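This briefing covers the fold, the overall dimensions and a handful of individual residues. Please keep the sequence and the coordinates at hand while reading.

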Amino acid sequence: MVFISPEIDLLLIALMLVTIFNTVSTIVRNRIMGKGHMEEIKKKQKEFKELMEKTDKDSQKRLKELEQELLETNLKMMKASMPTMLLSLGIVTVLWPWLQAEYSQYTFPIVGSWLFYYIVISLIFSIIISKVQKIILKA
């Protein structure tokens with residue numbers, strides 16, 4: 001059942017789902033990793049890039065240590081993102097048949113199918129919401 005128009009309906013569904021997924025992801029990441037953790041990672045990555053250019057023994061030793069720290073941090077981040085991925089997988093699995101039945105009969109501008117339209121709109125909303133969340137969380 002289309003409420004307004006297929007384009008606007010899918011736009012609103014994508015906005016709602018992306019907002020939920022991004023918010024849950026941010027909350028989980030901040031709880032597991034800590035709010036200031038991303039700045040720390042950026043500093044370590046910057047130091048890593050600087051050390052890669054140096055060839056002395058101390059720099060190479062620090063480079064190995066930093067590489068290990070970054071690998072451990074990436075593993076923690078992957079573990080932190082797992083609940084959000086499972087949540088999104090569950091919701092999409094439940095919604096998929098309904099979306100397919102409801103919107104497969106329509107042709108969408110530029111992209112054609114409802115799936116590509118949904119993906120493009122979701123990516124755009126995800127970028128926008130991430131930027132807004134960064135601004136809000138810094139305040």
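The points below run from the whole chain down to single residues.

The model is predicted. Its chain contains four helices and zero strands, giving the pattern α-α-α-α along the sequence. The radius of gyration is 20 Å, whereas a compact globule of 139 residues would have one near 14 Å.

**Dimensions and surface**

- Along the principal axes, the C-alpha trace extends over about 65 × 30 × 30 Å.
- Buried residues make up 28% of the 139 residues in the chain.
- The chain exposes an accessible surface of about 10,000 Å², and carbon and sulfur atoms contribute 67% of that surface.
- There are 18 positive and 14 negative charges in the chain, and the mean positions of the two sets lie 5 Å apart.
- Among contacts with a separation of 6 or more, 69% join residues that are 24 or more positions apart.

**Helix H3**

- Helix H3 covers residues 57-103 and bends by about 40° at Leu95.
- A proline, Pro97, comes within four residues after the bend.
- Which residues of H3 are buried? They are Ser59, Leu63, Leu66, Leu70, Thr73, Ala80, Thr84, Ser88, Leu99, Glu102 and Tyr103.
- An α-helix has 3.6 residues a turn, so residues three or four places apart point the same way.
- Thr73 is a member of helix H3 and has a relative accessible area of 8%; it counts as buried because the cut-off is under 20%.
- Leaving aside residues up to four places away in sequence, Thr73 touches Met33, His37 and Ile41.
- Gln100 also belongs to helix H3, but Gln100 is partly exposed, at a relative accessible area of 34%.
- From Gln100 to Val111 the distance is 16 Å, C-alpha to C-alpha, with the two residues eleven residues apart in sequence.

**Helix H1**

- Helix H1 runs over residues 6-33 and includes Leu15; Asn30 lies in helix H1 too.
- Is Leu15 buried, partly exposed or exposed? Leu15 is partly exposed, since its relative accessible area of 32% falls between the cut-offs of 20% and 50%.
- Leu15 touches Phe125 and Ile129, when residues up to four places away in sequence are not counted.
- The C-alpha atom of Leu15 is 9.4 Å from that of Ile124, although 109 residues separate the pair along the chain.
- Asn30 is buried, because its relative accessible area of 19% is under the 20% limit.
- Asn30 and Glu50 are 20 residues apart along the chain, and their C-alpha atoms are separated by 28 Å.

**Helix H4**

- Helix H4 spans residues 114-138 and contains Ile136.
- Ile136 has a relative accessible area of 55% and is therefore exposed, the cut-off being over 50%.
- Between Ile136 and Asn74 the C-alpha distance is 24 Å, and the two are 62 residues apart in sequence.

**Points to keep together**

- The pair Leu15 and Ile124 is 109 residues apart along the chain with C-alpha atoms 9.4 Å apart, whereas the pair Asn30 and Glu50 is 20 residues apart with C-alpha atoms 28 Å apart.
- Within helix H3, Thr73 is buried and Gln100 is partly exposed.
- Within helix H1, Asn30 is buried and Leu15 is partly exposed.

How values were computed
Residues numbered from 1 in each chain as written. Predicted model: local features only at pLDDT ≥ 70, side-chain atom pairs only at ≥ 80, totals over all residues. Heavy atoms only, no water. Bend = angle between axes of the 7 residues up to and from the residue. Helix = DSSP H or I, 4+ residues; strand = E, 2+ residues; numbered from the N terminus. Buried < 20%, exposed > 50% of the residue type's maximum accessible area, 1.4 Å probe, protein only. Rg over C-alpha atoms; globule rule 2.2 N^0.38 Å. Contact = heavy atoms within 4.5 Å. Areas by Shrake-Rupley, 256 points an atom, 1.4 Å probe, with all protein chains shown as cover. Lys, Arg positive; Asp, Glu negative; His and termini not counted. Charge placed at Lys NZ, Arg CZ, Asp CG, Glu CD.
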